[in-house]
Amino acid sequence: MSDKHVVMVVDMQNGVFETPRREQQECVSLVNRLIRAADRVIFIQHIEEGGLEEGSHGFALLPDLEQPSGALYVTKTACDAFYKTELERVLAENDITAFVMCGCATDYCVDTTLKVGASKGYQITVAEDAHTTANRSAAEAATLIAHYNDVWRTLTVPGNPVSVKPVETIVTQWHTN
């Protein structure tokens, strides 16, 4: 499936969005655009005690998020979606070596999973306008999002550069391939 269009959606869950996130509705809309254009979708869901227990309202994906039949689901307990999870097995079983990343939180789960995935050799494109985060004490969400897009564009992973593109460009490229 490495020639297919795969999107990995990170932590777009009710409990994660109890903390206000930058431009939530716009982000969900752009994530949905990727989901509709993708051949395969992988939802990564954080699971933990204190509101994100499996089956709880907090664990559930946001109600406006589209969930196609055949989507894959992986749970995680750390910022890194590869850490002690089934993600690598799921990717291998589905012959996935490249994917587009989007979701929440830019500065924690998206960033960590992207860096670990790129170091493991996965070809990763970040949807630069389809990830979000909250304001932090050191920087506002808009600054963090712009900062991480810039960091990812220049991330040094010899032989496996990360791509950072807007959703419109990604979807257009998918339609022409």
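**Exercises on a predicted fold**

**Exercise 1.** Work out which strands helix 3 (residues 106-119) lies across, and then do likewise for helix 5 (residues 167-176).

*Solution.* Start with helix 3: it lies across strand 1 (6-10), strand 3, strand 4 (98-104) and strand 5. Helices (H or I, at least four residues) and strands (E, at least two) are DSSP runs, numbered from the N terminus, and contact means heavy atoms within 4.5 Å. Next, the direction: helix 3 runs at about 165° to strand 4 (axes fitted to C-alpha atoms, for helices over the stretch in contact; angles from 0 to 180 degrees between N-to-C directions). Now helix 5, which lies across strands 1, 4, 5 and 6 and makes an angle of about 135° with strand 5.

Before going on, remember that this model is predicted, with local features needing pLDDT of at least 70 and side-chain atom pairs pLDDT 80 or more, while totals for chains, interfaces and linings use all residues. Residues count from 1 along each chain as its sequence is written, and side-chain values use heavy atoms, leaving out hydrogens and water.

**Exercise 2.** Put the strands of the sheet in order and say which ones stand at the edges.

*Solution.* Lay out the open sheet: its 6 strands go 3-2-1-4-5-6, paired in parallel (a pair needs at least two DSSP bridges). Strand 3 (72-76) and strand 6 (163-165) are the edges; each has a single partner strand, so one side of each has no neighbour in the sheet. As for twist, neighbouring strands are turned by 25° against each other on average, direction ignored. Zoom in on one edge: strand 6 pairs with strand 5 (residues 123-132) over 3 parallel bridges. To find that edge on screen, pick Ala127, whose bridge partner in strand 6 is Lys165.

**Exercise 3.** Trace the chain from end to end, then describe its overall dimensions.

*Solution.* Tally the elements, and you get 5 helices and 6 strands. In sequence order they read β-α-β-β-α-β-α-β-α-β-α. The radius of gyration (over C-alpha atoms) is 15 Å, close to the 16 Å that the globule rule gives for 177 residues, so the chain is as compact as a globular protein of that length; the rule is 2.2 Å times the number of residues to the power 0.38. Along the principal axes, the C-alpha atoms fill a box of roughly 40 × 35 × 30 Å.

**Exercise 4.** Find the backbone oddities at Ala105 and Glu23.

*Solution.* Take Ala105 to begin with: the peptide bond leading to it from Cys104 is cis, with omega near 0°. Ala105 sits in the loop between strand 4 and helix 3. Then check Glu23, a residue other than glycine with a positive phi, near 45°. Its place is the loop between strand 1 and helix 1 (24-37).
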